[in-house]
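Here is a short, friendly tour of one protein model and the molecule bound to it. Keep the viewer open while you read, and look up each residue as it comes along.

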Amino acid sequence: MQIPAKSSSPIWHPFTQHALLPKMTAVASAQNAYLYTIDGRRLIDGIASWWVITHGHCHARIVRAISEQAQRLDQVIFAGHTHEPAERLARKLVELTPKGLDYVFFSDSGSTSVEVALKMALGYWRHIGEARQRIVALEHGYHGDTIGTMSVGARGVFNAPYEPLLFEVDRVPFPHVGREQATLDALDAACGRSAVAAFIVEPLILGAGGMLMYAPRVLKEMKLICERHRVLFIADEVMTAWGRTGTLFASEQAKVVPDIACYAKGITGGTLPLAVTMCRAEIFDAHYSTDRRRTFFHSSSYTANPIACAAANANLELWEEEPVLERIARIGTYHERRLLGLREDARFANVRRTGTIAAVDIRVPDNGYLADIGPRLYEFFGERGVLLRPLGNTIYILPPYCVTTEDLDAIYDAIGDAVDVVGV
Ligand SMILES: *Cc1c(COP(=O)(O)O)cnc(C)c1O
């Protein structure tokens with residue numbers, strides 16, 4: 001195949017093969033569940049702009065909070081300094097998250113929140129004088145794209161070139177329906193080996209791994225196994241938090257209190273980059289010392305940026321003042337209605353849903369990420385005015401909570417037509 005001429009833009013886009021996608025969709029503005037392109041087209045944002053938008057684009061209340069905060073205090077070093085937006089946010093987070101997550105460490109992306117979680121876990125064991133460094137992770141997991149987070153995530157085409165730099169982890173099989181006990185047995189065996197510091201897991205649904213879902217009871221069992229072996233339980237709720245799974249946090253559904261939890265994506269409603277890693281007091285206390293060597297040595301320049309914190313505070317106010325959970329429940333109910341049709345349709349398999357996220361697999365002979373069905377579907381959906389970005393042959397819908405039933409109908413109708421048009 002001939003390589004097309006390069007674009008004139010100097011920008012190198014993420015997860016984008018420029019030789020296969022020479023032209024980017026230029027977006028001029030956004031409102032509610034819609035993106036508006038510079039050439040005047042409207043796209044329904046069916047994936048919440050990569051899983052970050054919760055209430056809707058450019059929500060007036062969050063935009064106002066950003067604008068007001070930007071005029072008051074834009075940024076300040078967070079070592080040795082603090083500010084009201086961060087203090088308020090941290091207290092609110094401690095109140096809202098599962099009881100027992102008493103400390104909040106700020107950073108600015110999901111990946112860094114996971115890096116911080118891993119460093120907290122290793123620091124904890126070192127400072128209490130136990131030699132535990134190994135990490136256990138779930139098969140198909142995704143935790144970010146930095147070297148550390150790639151190490152705990154699934155290996156594959158995405159990280160093959162960097163493999164020599166990735167550290168080794170123990171991996172437990174994904175708990176497919178009917179095979180949950182094998183997962184639990186493997187976790188028990190892995191945690192029973194020496195030197196295990198922590199187990200990291202995406203609660204209830206593995207996102208980038210293909211929207212793979214499992215039951216809350218399995219998550220609960222995993223937590224109990226970790227407790228028996230005194231292995232720290234890290235919940236990567238970067239995608240699952242902020243209502244995505246039907247509750248504010250996915251861990252709630254299993255009545256699990258993680259030892260360490262990572263939250264990012266929807267924490268500002270999707271407007272600004274911000275992340276937090278929250279932990280139990282024991283982990284903070286292990287670092288609390290007059291010995292400077294026990295300092296938690298991590299920071300990023302923009303730690304707890306005041307404008308991002310103000311956006312997060314406005315987001316949490318919306319959660320408190322508006323019936324967001326009801327809105328989410330309605331999306332779930334409507335998904336079920338439309339999924340019924342797909343469940344009876346032989347072209348689709350593994351029709352599934354957790355909260356606001358619905359996913360189906362298209363039956364295809366080759367279902368790897370590199371199979372070109374994903375990009376062809378993406379293009380078809382774009383032409384239909386819908387932004388969906390399939391993961392290989394998995395099509396998923398992860399909408400902002402302001403999505404209407406008309407929008408969802410347009411999305412489902414496009415999915416129904418896509419398979420025939422794209423010609424699997
Ligand atoms: C997106 C994601 C990350 C990485 O977050 P970034 O903000 O993209 O760095 C980590 N874990 C999970 C579960 C995610 O979905």
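The sections below look at the ligand site, one helix and two single residues.

## The ligand and its surroundings

Please keep in mind that this is a predicted model. Start with the ligand. Around it you will find W51, S109, G110, S111, Y142, H143, G144, E202, D236, V238, M239 and K265.

Three of these residues are worth zooming in on. G110 uses its backbone: an N or O atom there lies 2.8 Å from an oxygen atom of the ligand. D236 brings in its side chain, where an N or O atom is 2.7 Å from a nitrogen atom of the ligand. The side chain of K265 likewise has an N or O atom 2.7 Å from an oxygen atom of the ligand. On its own the ligand has 380 Å² of accessible area, and the protein covers 83% of that.

## Helix α2 and its two sides

Next, turn to helix α2, which runs over residues 60–72 and so has 13 residues. From its first C-alpha to its last it reaches 19 Å, close to the 18 Å expected at 1.5 Å a residue.

Which residues of α2 are buried? They are I62, A65, I66 and Q69. These four share the same side of α2, because they cover an arc of only 100 degrees around the axis. On the other side of the helix, A60 and Q71 are exposed. As for what covers the buried residues of α2, the list includes α3 (84–96) and α9 (306–321).

## N315, a buried residue in α9

Helix α9 is also home to N315. Is N315 buried or exposed? It counts as buried, because its relative accessibility is 0%, and the cut-off for buried is under 20%.

Setting aside neighbours within four places in sequence, N315 is in contact with T54, H55, I62, W242, G266, I267, T268 and G269. You have met one of these partners already: I62 is among the buried residues of α2.

## E139, a partly exposed loop residue

For our last stop, find E139 in the loop between β5 (134–138) and α5 (147–152). E139 is partly exposed, because its relative accessible area is 28%, and that class lies between 20% and 50%.

Which residues does E139 contact, leaving aside its neighbours within four places in sequence? They are R171, V172, P173, F174 and L206. If you would like a distance to check in your viewer, try E139 to G243: the two are 104 residues apart in sequence and 24 Å apart in space, C-alpha to C-alpha.

Terms used: Residues are numbered from 1 along each chain as its sequence is written. This is a predicted model: local features need pLDDT of at least 70, side-chain atom pairs count only at pLDDT 80 or more; totals for chains, interfaces and linings use all residues. Side-chain values use heavy atoms; hydrogens and water are left out. Helices (H or I, at least four residues) and strands (E, at least two) are DSSP runs, numbered from the N terminus. The expected span of a helix is 1.5 Å times one less than its number of residues. Buried means under 20% relative accessible area, exposed over 50%, partly exposed in between (1.4 Å probe, protein chains only). The arc is that of the directions from the helix axis to the C-beta atoms. Contact means heavy atoms within 4.5 Å. A residue is near a molecule or strand if one of its heavy atoms lies within 4 Å of it. A polar contact is a pair of N or O atoms within 3.5 Å; within protein, one must be able to donate a hydrogen and the other to accept it, and residues adjacent in sequence count only if both atoms are side-chain atoms. Accessible areas come from the Shrake-Rupley method with a 1.4 Å probe; for residues, only the protein chains shown count as cover.
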